[in-house]
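Reader: I should be grateful for a close look at the strand pairing in this model. Please treat the matter as one connected account.

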Amino acid sequence: MRKRSNLLRMLHALNDRMILTNRLRWRLGHFEMGYQYECWADEQFAHGNWFVINSLSLSNEGEFVVQMDLLVLTGDKILLYELKAYSQPINDCRDGTIQYEENGEKYPHPINQLENAHRRLQNLIDALGVDLEIESYVMLTHPESYIMNLPSWTKNLLIQSQISGHILEQMRNAKPVTAQTKHYYALLKAQDHDTSEYNSMIPEYSYDQLRKVVKCPQCFGVIWEIPKFKKYLMCPCCGENVAVRDIARLAMEDYLILFKEKPTMHKLHEWCGGKFSKHRLYQMLS
Ligand SMILES: [Zn+2]
């Protein structure tokens, strides 16, 4: 099961507990959508006879190096995917960047990002003694997404309608996995260190300054009323039926990721805006 990156989790934890700039809120929405489409891509790969690593982040002495969205290990290959969920047409500026039509913002070209990730992965597997050949692709996972002005020689970029055909073809040609592949899989998994939260886009915050609220574990909307004796409630934001215990659990996880320490019951009670008694928190979380 794919997990949200630490950066995304922190942005969710801060949103509605402090005022985020419009730009940061837009990014939060964009990252969350990216995450949802990454989960979609994971499902597409779920039925092959291969090992899937959903997200591999490499760091060097705590410094972020590169994050790879999806790796698929077969008997003789590593398929490396850079997943992009652009929700609108993108223009290839032919200078190593792409540009959004809507707001004109420029971003690194996904093919360049892919080449960088490919190079880093090659160095890594050489160092680990993983004897597999890397094949890499950019996947545009959003149905509306395509890149205009893309050079005709760009072969390793797939739009959403090509993805299922691509996977079927890979399944047909994949060499069966062996105990050796499993060993490679474990070696690579052990390299995963998510340091995305050290990204400079996280604003400064302090415990005192943050609003003490609880949120829906499905949509991250603020929940103002918690019934005293019920185990489930309907989220007023998304309409999902959510377990009260999961609301408390999310509040604790938010605290953990923001302050890097486990809250005491007293602190957690306060952090939840007094929505749960300490006794109830203790029962739900122990
Ligand atoms: Zn909700």
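Author: Two strands are taken to pair if DSSP finds at least two bridges between them. The model under discussion is predicted. With that criterion, β1 and strand β2 (residues 63-73) pair in the antiparallel sense, joined by nine bridges. One of the bridge partners can be named: N60 is matched with E63 in β2.

These two strands belong to an open sheet of five strands, whose order is β1-β2-β3-β7-β9 and whose pairing is mixed. The edges are held by β1 (51-60) and β9 (157-158); each has a single partner strand, so one side of each is left without a neighbour in the sheet.

A further open sheet consists of four strands in the order β6-β5-β4-β8, and its pairing is mixed. Here the edge strands are β6 (106-108) and β8 (147-148), each of which pairs on one side only. Strand β4 (residues 90-92) runs parallel to β8, and two bridges join them. Within this pairing, I90 stands opposite I147 of β8.

Outside the strands, one loop residue also deserves attention. P176 is located in the loop between α4 (160-173) and α5 (179-189). P176 counts as exposed because it has 10 C-beta neighbours inside 10 Å, the limit for exposed residues being 12 or fewer. Leaving aside residues up to four places away in sequence, P176 touches N49 and G75. The C-alpha atoms of P176 and W50 are separated by 7.3 Å, although these residues are 126 residues apart along the chain.

Key. Residues numbered from 1 in each chain as written. Predicted model: local features only at pLDDT ≥ 70, side-chain atom pairs only at ≥ 80, totals over all residues. Buried ≥ 20, exposed ≤ 12 C-beta atoms within 10 Å, placed from the backbone. Contact = placed C-beta atoms within 7 Å.
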